[in-house]
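Morning, everyone. I have one chain to show you today. Let me put it on the screen.

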Amino acid sequence: QNGELGDGTNIDRLSAVQETTKSIEWRTLDAGGWFNLAIKQDNTLWAWGHNDMAQFGDGSDIFTHSSSTTPIKVSSVKQWSKISAGQNHVLALQYDFTLWAWGSNGEGQVGNGDTSMVHTPYKIDGNWHTISAGENYSMAIKSDNTLWGWGENGFGQLGINSTTSKKTPIEVSGSGWSSLATGDYHTLSVKDGKLFGWGMNGFGELTNNSDGTDEIHQPKEINFERVKKICA
């Protein structure tokens, strides 16, 4: 409906279609709520789909460029290495380990201390190596393997032992964090080879031995061994 498939139309498809540029230079991608982001081999960043909350990061929003059915370049920068799309906000890393965020910010998920929409990439202080955008919150791991979170926290998804939302990054206790994955309202991360989770647990997404009726507000070890890769 918003051009999410990048095929130049707003038509739903029951089988795969190729995006309009038919490029073979795409390196990595991620899908947000109603928009998509992708990085090419030349390290340029592209977006398409809905842009009601400035998801494109090019200075536009629903009033100036509400959507695109074809990929458009986010900026002239050729240093993008990783991306993660939330419901309506974006986290992105550059090769110099700088972290950038933009888009919807009503819960402080951009991390700039405000709740106003952010139309162009905002730089978050520090050196970072891993990012993951939840529905309306953000988690990231710094180069020293400390874990940080910001944004919506109504289910304890930031892992800071409270349910208070944060407009700037706040550190999660512990060190040695190595990988990270966010769902809508829960977070998974690996520390010292062990899996931990926190946040919403209404469907047992954090525990493999209960009915999942309780929220978990700080990292709790999940009983799996030899975890290699995680996704939420």
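Buried residues make up 49% of the 232 residues in the chain. Keep in mind that this is a predicted model.

Now the outside. The chain exposes about 11000 Å². Carbon and sulfur atoms supply 48% of that area.

What does the secondary structure come to? Zero helices and 16 strands. On overall dimensions, the radius of gyration is 18 Å, and the globule rule gives 17 Å for 232 residues. Those two values are close, so the chain is as compact as a globular protein of that length. Put a box along the principal axes, and the C-alpha atoms fill roughly 45 × 40 × 30 Å.

Next, contacts. Take those in the chain with a separation of 6 or more. Residues 24 or more positions apart account for 48% of them.

Let's zoom in on one sheet. Four strands form it, in the order 5-6-7-8. The sheet is open, and the pairing is antiparallel. Which strands stand at the edges? Strand 5, residues 80-85, and strand 8, residues 118-124. Each has a single partner strand, so one side of each is left without a neighbour in the sheet. From one strand to the next, the twist averages 20°.

Stay with strand 5 for a moment. Its pairing with strand 6, residues 89-94, is antiparallel and runs over five bridges. Which residue in strand 6 is the bridge partner of lysine 82? That is leucine 93.

That's my tour. Over to you for discussion.

Notes
Residues numbered from 1 in each chain as written. Predicted model: local features only at pLDDT ≥ 70, side-chain atom pairs only at ≥ 80, totals over all residues. Heavy atoms only, no water. Pairing = 2+ DSSP bridges. Helix = DSSP H or I, 4+ residues; strand = E, 2+ residues; numbered from the N terminus. Axes fitted to C-alpha atoms, helices over the stretch in contact; angles between N-to-C directions. Rg over C-alpha atoms; globule rule 2.2 N^0.38 Å. Buried < 20%, exposed > 50% of the residue type's maximum accessible area, 1.4 Å probe, protein only. Contact = heavy atoms within 4.5 Å. Areas by Shrake-Rupley, 256 points an atom, 1.4 Å probe, with all protein chains shown as cover.
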